[in-house]
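Let's take a walk through a protein model together. Have the 3D view open and follow along as we go.

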Amino acid sequence: MNRLKIPAILTAGLLAAVLVAPSALAASANPSPPPASPAGSKPSNTVQGPAAPGSAGPLLAEAQQVFQTMTQTQYTHKYTINPTGGIYYWDCVGFTNWALKQATPNAYAAFHTQMNVPTNASGHVALWAQFLKGTPGPAWNAVPTVASLTGGELMIIPGEILLNGQVQYGSVKGGVSYPGHAVIIAGPPLMLSDGSYAVFVYDSTAVPGHGQYDSRYTDPRALPMAGTTNKYSGTGYGTMRLTVNSTGAPAAVYWSAANKSPIMFHNQVVVPVLARPLN
């Protein structure tokens, strides 16, 4: 059986975590990204994509707000969301779904209505991809090219459900789940020496890995997952890499600018989906 070829995306079944007192973490300064790398840099683990201000889009502003005010974060499929206490325990879709609901409620509602996903559920990543590839409505703008990213867009890396060898979208009883990933684009793309692009992102992930400057490496608020030896999980930022086809549309996505192989399912390259929520 083929598995997702990046360690940061895990399947369900994680144990609930024991909360750490927020006061123990609040005194630490939040990490901040270094300056962007020069255009034309060689893909490497030290490449840093440019950061955009929150004014670039409401979704980005919400992601920045969560990051700046959180006191604890952890990657888990059992959510604990307490904005007053700054506690955010969730997975990638939990984070992006929450940010959409707060920042662009019409865009959030369009997905849940059209895809028949309860508003108290985050929905499968593949459903997000299916929705954004279709006609998501006036609360969304398609982003046809990587070069047109500005910050504040949603990037979905599709997941699948297999049942009797057939690809299904959404939860299928008896199926084998392959999770995807969801991130919030946090800045404009930086063209690298090979024609690919470095892109700064916010996400919630199981382990850091979006380059050397992934915030979770140095952020004491990012807690290990319960019952594992993985360190520094949850919400943070880092730099991923995208390649494009002849029209400039995304062709593949890499977990970091240093990765040689793109994210794949079933030995097939996964094509990410980009869209901008408006309101």
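**A walk from strand to helix**

Start by finding Val-201, which sits opposite Gly-238 in strand E12. Keep in mind that you're looking at a predicted model. That pair belongs to a bigger pattern: strand E11 (residues 197–205) and E12 run antiparallel, joined by nine bridges.

Now stay on E12 and look at its other partner. Four bridges link E12 to strand E13 (residues 250–254), and these two run antiparallel as well. Here you can spot Arg-241 standing opposite Tyr-254 in E13. To get from E12 to E13, the chain makes a hairpin with five residues between the two strands. Check out Gly-248 in that turn: its phi is positive, about 90 degrees.

So is E12 buried or exposed on the whole? Nine of the eleven residues in E12 (residues 234–244) are buried, so the rest of the structure largely encloses this strand.

Next, let's move to the helices. How do you describe two of them packed together? You give the angle between their axes and the distance between those axes. For helix H3 (residues 92–103) and helix H4 (residues 105–114), the angle is about 125 degrees and the axes are 5 Å apart. An angle over 115 but not over 145 degrees falls outside the parallel, perpendicular and antiparallel ranges, and H3 and H4 are therefore oblique to each other. On the H3 side, the contact is made by Asn-97, Leu-100, Lys-101, Gln-102 and Ala-103, while H4 brings in Pro-105, Tyr-108 and His-112. Sort these contact residues by type and you get four nonpolar, three polar and one charged.

Stick with H4 a little longer. Its buried residues are Ala-107, Tyr-108, Ala-110, Phe-111 and His-112. What do they pack against? Their neighbors are H3, H5, strand E4 (140–142) and strand E16 (273–277). After H4 comes Asn-116, another residue to click on, with a positive phi near 60 degrees.

Finally, let's look inside. The largest nonpolar core has 39 residues, and the ones with the most contacts inside it are Trp-128, Phe-131, Leu-132, Trp-140, Leu-154, Ile-156 and Tyr-202. Which element gives this core its largest share? That's helix H5 (residues 125–133), with six residues. Apart from this core there's another one, made of 18 residues, including Ile-157, Ile-185, Val-199 and Val-253.

Methods. Residues numbered from 1 in each chain as written. Predicted model: local features only at pLDDT ≥ 70, side-chain atom pairs only at ≥ 80, totals over all residues. Heavy atoms only, no water. Axes fitted to C-alpha atoms, helices over the stretch in contact; angles between N-to-C directions. Parallel < 35°, antiparallel > 145°, perpendicular 65-115°, else oblique. Contact = heavy atoms within 4.5 Å. Nonpolar A, V, L, I, M, F, W, Y, C, P; charged D, E, K, R; others polar. Buried < 20%, exposed > 50% of the residue type's maximum accessible area, 1.4 Å probe, protein only. Pairing = 2+ DSSP bridges. Core = buried A, V, L, I, M, F, W, Y, C linked by side-chain atoms within 4.5 Å.
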